[in-house]
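Let's look at how some everyday words of structural biology get attached to a model. Each label rests on a value and a cut-off, and we will put the two side by side.

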Amino acid sequence: MKEPLKTVIVEPGKPPIIEPGHTFASVTDKISSVVLTRRTPRGWYLGFGVSFVLVMVLLYALGKLMVVGTGIWGVNHPVGWGFAIINFVWWIGIGHAGTLISAILLLLRQEWRTSINRFAEAMTLFAVACAGIFPLIHVGRPWLPYWLFPYPNTMGLWPQFRSPLVWDVFAVSTYATVSLLFWFVGLIPDLATLRDRSRRQLPRVIYGILAMGWRGSAMHWHRYEMAYLLLAGLSTPLVLSVHTIVSLDFAVSIIPGWHATIFPPYFVAGAIYAGFAMVLILAIPIRAIYRLEDFITLRHLDNMAKIILVTGLIVAYGYMMEAFMGWYSANPYEEYMVLNRMRGPYAPLYWALIACNALAPQVFWLKRARSSIPVLFIIAIIVSIGMWLERFIIVVTSLHRDFLPSSWGMYYPTVWDWATFLGTTGLFVSLIFLFVRFLPMISIFEMRTILPQARVEE
Amino acid sequence: MKRRPPIYGLMAEFDTPSDLVAATLRAREAGYRKMDGYSPYPIEELAEAIGFHSSRLPLIVLIGGLIGCAGGYYLQYWVSVMDYPLNIGGRPLNSWPSFIPVTFETTVLVAALAAVLGMLGLNGLPMPYHPVFNVSRFALASRDRFFLCIEATDPKFDHEETMRFLKSLKPRSVSQVPH
């Protein structure tokens, strides 16, 4: 066999996107061994066990909800939108980073995306699954969510297509479907690799069925690449539309603090911001546990930190504009809403959100912070918390001071609100654990393409 | 119907993508047309060397997108104007600006489904059985080896002659592909 070339694709002065010395075989074996041959680490059982307990908590909370009703939650007049909406927006935002990495960075020919796109896409799917639970359960009668879809029914009724809430149904279900398709199409060649490399019968049959007889034919690859590119082109406007439509749930209403034209771009940036933070939270332990430092290099972490910094600045601009518009609109309700956020009963949460989202990521201006793994991990967690607080502030502060002081009130989440939220994090983490165990978490065939020996020399 | 040839074809195994592309170009010069290259990752030059150009998939996706677009809008139009008209403050029944978001989503949905199903359909997948898998070394095609298979249905195919030709390309090995 030829000696692998020691040169690596690098822009001058930048660390490599894959450590030198790898071959087609070593990349294949290293990634597929996590699924096929390597012993499952004990930490996997522990982590999966803990998160699975949280899934049971989720099921219990949902069971209680079905039996008793939404009265177990903290929502009441005037705050009719509580944790369900906060968590829905938070989760669906997290998903956006996965699509951004897999689609937008593909179109922009950012080769470094290759080693993180697979699990970022998985993260998208699982985050959307968690997000999808909330609108279904907060409809009041959670056994009738199919009423949201237009289907001929004996009641002779149809959804109101002029409502952003119906747009949401279409946006989120399309997003979930297209993300699943994109992820599965990306997996097909790798499933074929697992089929060819597994030595036991059962995995061979299962991966074989999923790979659908993929054989790496040149003609197949040609159409495959075309389809992949087209999917990326379709997903790019899709991902922007999803959070835009989510923001329209708020912006189309006439509640002070919601009725703002800045909402769509500000929500999309916030979604990418939260999503990249979640990619870092997942990538840092995964690369350490499975020794994937060769594939997920410091360059990847550095780039993600830069994206967090940029989107964080856009989000900070959004906060500034909200405050500015409160003053500039000369509308007493808008003005009051802004001041109430800063000085009212939820002021500590507002200032915590500013500290988490606008101030904390500023350390990423420093190269030392971007290359320090503990700093990256801690900031990513702070950003995730900050983005959750942002949704809390947006949803709750605008509602709790109604137009008439006689209908003012406070919102306090109950133990069932918390149980449902924690339960969905458990569901998310359990699904990530299962994914890492049973599917290649890095796209093997795309890793082969970025090796220097993958180039054809005439 | 033509008689089925006794074997599916002959398959040569190469170590590097450059060798495979060079071999494919040589085979094409030698007049072979019914052949296919197999590689563990997409190689643009290989599809070109085989002489494969396909532009049907974008058309399928375009048609899918148009169907999604028209269907999505028509669904809303039919519901809001024809089947269940609601007069709200005298606003037009066909309030098209608020129908755009759903129309956009159905466009993307149908186009994406067309892209995936079109790709699988044109590729003939899922395919439960294919003769190339009868060569045991072919399992490496999804790892680090590169294969060229000249099929027996090629008019120029001759067992001895093609075998000699493939061996002249200095492959790692040449094997018969039984049906």
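Helices, the runs of at least four residues that DSSP marks H or I, and strands, its E runs of at least two, are numbered from the N terminus. Keep in mind that this is a predicted model.

Q: Where is A:R291 found?
A: A:R291 sits in the loop between helix 8 (263–289) and helix 9 (298–328) of chain A.

Q: Why does A:R291 count as buried, partly exposed or exposed?
A: The word exposed is used over 50% relative accessible area. A:R291 has 55% relative accessibility, so A:R291 counts as exposed.

Q: What is notable about phi of A:R291?
A: Phi of A:R291 is near 50 degrees, a positive value in a residue other than glycine.

Q: Which loop holds A:R109, and what is its phi?
A: A:R109 is in the loop between helix 3 and helix 4 (114–137) of chain A. Its phi is positive, about 55 degrees, although A:R109 is not a glycine.

Q: What makes A:R109 buried or exposed?
A: Its relative accessible area is 74%. Exposed means over 50%, so A:R109 is exposed.

Q: How do you know which label, buried, exposed or partly exposed, suits B:Y74?
A: B:Y74 lies in helix 3 (residues 56–83) of chain B. Buried means under 20%, exposed over 50%, and partly exposed is in between. With 47% relative accessibility, B:Y74 therefore counts as partly exposed.

Q: Why are helix 5 of chain A and helix 7 of chain A called roughly parallel or antiparallel?
A: Helix 5 (residues 164–197) and helix 7 (residues 218–251) of chain A pack at an angle of about 155 degrees, and their axes are 9 Å apart. Angles over 145 degrees count as roughly antiparallel, so helix 5 and helix 7 of chain A are roughly antiparallel to each other.

Q: What residues make up the contact of helix 5 of chain A with helix 7 of chain A?
A: That contact divides into 20 nonpolar, three polar and two charged residues.

Q: Which peptide bond is cis at A:P78, and where does A:P78 lie?
A: The cis bond joins A:H77 and A:P78, with omega about 0 degrees. A:P78 is in the loop between helix 2 (42–68) and helix 3 (83–107) of chain A.

Q: What about B:P126?
A: The peptide bond from B:L125 to B:P126 is cis, with omega near -5 degrees. B:P126 belongs to the loop between helix 4 (100–123) and strand 3 (146–151) of chain B.

Methods: Residues numbered from 1 in each chain as written. Chains lettered and ligands numbered in written order. Predicted model: local features only at pLDDT ≥ 70, side-chain atom pairs only at ≥ 80, totals over all residues. Heavy atoms only, no water. Axes fitted to C-alpha atoms, helices over the stretch in contact; angles between N-to-C directions. Parallel < 35°, antiparallel > 145°, perpendicular 65-115°, else oblique. Nonpolar A, V, L, I, M, F, W, Y, C, P; charged D, E, K, R; others polar. Buried < 20%, exposed > 50% of the residue type's maximum accessible area, 1.4 Å probe, protein only.
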